[in-house]
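User: I'm new to reading protein structures and would like to learn how to look at helices and loops. Could you walk me through one?

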Amino acid sequence: MKFLGFNKVLCLSPHPDDVEYAIAGTVMAHKDTHFDILNMTKGGDFDITTFNDNRLKEVENFWANVPNVKVYFTDAVHMKSKQEDEWVNYVETNFNIDSYDAVISPNQLDSHFEHRQTSRIVVAICRVAKVGIVEYSSPSTLVDWIPNYFIDISKQYNTKLEMLNNFVSQGKRSYFQKNQIQGYHTNFQASKRGLEIVEMFKVIQMYG
């Protein structure tokens with residue numbers, strides 16, 4: 001099964017755990033789509049877990065047994081390690097954007113400034129490419145963001161929960177507690193339609 005019919009997508013993760021938290025169930029449910037995941041930094045600014053490679057190893061361990069994923073890392077400690085135009089140039093230089101069906105990223109309606117910056121980078125790298133843009137939610141996404149595509153991950157949910165245990169560095173964060181994770185995967189409109197556990201997306205643009 002393919003995600004939105006795509007063969008190959010590029011996923012931008014501002015921090016270690018963003019893509020994993022947001023779309024891991026979708027990735028596992030769509031084994032016929034290949035996902036390249038660019039982990040852009042070692043973590044957030046002013047975060048004591050950022051200043052070593054442990055979080056990067058957590059990402060590697062997370063995806064170790066998922067065959068349709070390839071993970072890439074930059075040399076950046078924080079998003080501010082590069083200016084926004086430098087980030088655009090970095091992605092365009094290291095990845096052939098035209099080879100992807102879509103780029104997946106956080107969205108602009110997010111309380112985390114580095115998530116918003118990553119969203120702007122995606123718009124820039126897709127400015128002349130016939131490439132779709134799909135946004136994902138994060139624990140810091142604002143209620144103003146309205147998803148329009150819901151993936152039922154009920155069959156993948158328990159596996160995803162176990163995989164999230166790889167992020168030992170983040171284990172004490174509120175959004176890594178089991179009840180918070182459960183809440184993140186719940187949407188009233190989706191539940192009315194029988195989708196109790198979902199990952200949420202917003203399709204911004206698609207080209208046939």
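User: Let's start with helix 3. Which exposed residues does the face turned away from its buried side carry?

Analyst: Before we dig in, keep in mind that this is a predicted model. The exposed residues on that face of helix 3 are D85 and T93.

User: And which residues of helix 3 are buried?

Analyst: Here you look for residues with under 20% relative accessible area. In helix 3 these are W87, V88, Y90 and V91. Now look down the axis of helix 3: the buried residues fall within an arc of 160°, so they line one face of the helix.

User: What covers those buried residues of helix 3?

Analyst: The cover includes helix 4 and three strands: strand 1 (8-13), strand 2 (34-39) and strand 3 (69-73).

User: You mentioned helix 4. How do I describe two helices that pack together?

Analyst: Two numbers do the job: packed helices are described by the angle between their axes and by the distance between the axes. Take helix 3 (residues 84-94) and helix 4 (residues 113-125): the angle is about 55°, and the axes are 9 Å apart. Helix 3 and helix 4 are therefore oblique to each other. The crossing of helix 3 with helix 4 is right-handed.

User: Which residues of helix 3 and helix 4 meet?

Analyst: From helix 3 you have E84, W87, V88, V91 and E92, and they meet Q117, R120, I121, A124 and I125 of helix 4. Sort the residues of this contact by character and you get six nonpolar, one polar and three charged.

User: Can we try another pair? At what angle do the axes of helix 1 and helix 2 cross?

Analyst: Roughly 10°, and those two axes come within 12 Å. Angles under 35 degrees count as roughly parallel. That makes helix 1 roughly parallel to helix 2. On the helix 1 side, V19, E20, A24 and V27 make the contact, and on the helix 2 side V59, F62 and W63 do. By character, the contact of helix 1 with helix 2 has six nonpolar residues, no polar ones and one charged.

User: Let me use the one-face idea on helix 2. Which of its residues are buried?

Analyst: R55, L56, E58, V59, F62 and W63 are the buried residues of helix 2. They cover an arc of only 155° around the axis, which puts them on the same side of helix 2. As for partners, the buried residues of helix 2 pack against helix 1, strand 2, strand 3 and helix 5.

User: Helix 5 next, then. Which residues are buried there?

Analyst: Helix 5 covers residues 157-164, and Y157, K160, L161, M163 and L164 are buried in it. Their arc around the axis is only 165°, which puts them on the same side of helix 5. Turn to the face away from that buried side and you find the exposed residues N158 and E162. What covers the buried residues of helix 5 includes helix 1 (18-29), helix 2 (54-63), helix 6 (178-184) and strand 7 (198-205).

User: What about loops? Is H78 buried or exposed?

Analyst: Start with where H78 sits: in the loop between strand 3 and helix 3. H78 is buried, with a relative accessible area of 9%. You can also ask who is next to whom in space rather than in sequence. H78 and T41 are 37 residues apart along the chain, yet their C-alpha atoms are 5.2 Å apart.

User: And V143, buried or exposed?

Analyst: V143 is in the loop between strand 5 (132-136) and strand 6 (149-152). V143 is exposed, with a relative accessible area of 80%. Try the sequence-and-space check here too: V143 and Q83 are 60 residues apart in sequence and 28 Å apart, C-alpha to C-alpha.

User: One last thing, backbone angles. What is the phi of D17?

Analyst: D17 has a positive phi of about 110° although it isn't a glycine. You'll find D17 in the loop between strand 1 and helix 1, and D17 is buried at 5% relative accessible area. L4 is also not a glycine, and its phi is positive at about 55°. L4 lies in the segment before strand 1, and with 22% relative accessibility L4 counts as partly exposed.

Note on methods. Residues numbered from 1 in each chain as written. Predicted model: local features only at pLDDT ≥ 70, side-chain atom pairs only at ≥ 80, totals over all residues. Heavy atoms only, no water. Axes fitted to C-alpha atoms, helices over the stretch in contact; angles between N-to-C directions. Helix = DSSP H or I, 4+ residues; strand = E, 2+ residues; numbered from the N terminus. Parallel < 35°, antiparallel > 145°, perpendicular 65-115°, else oblique. Left-handed = near helix turned anticlockwise from the far one by under 90°. Contact = heavy atoms within 4.5 Å. Nonpolar A, V, L, I, M, F, W, Y, C, P; charged D, E, K, R; others polar. Buried < 20%, exposed > 50% of the residue type's maximum accessible area, 1.4 Å probe, protein only. Arc of directions from axis to C-beta.
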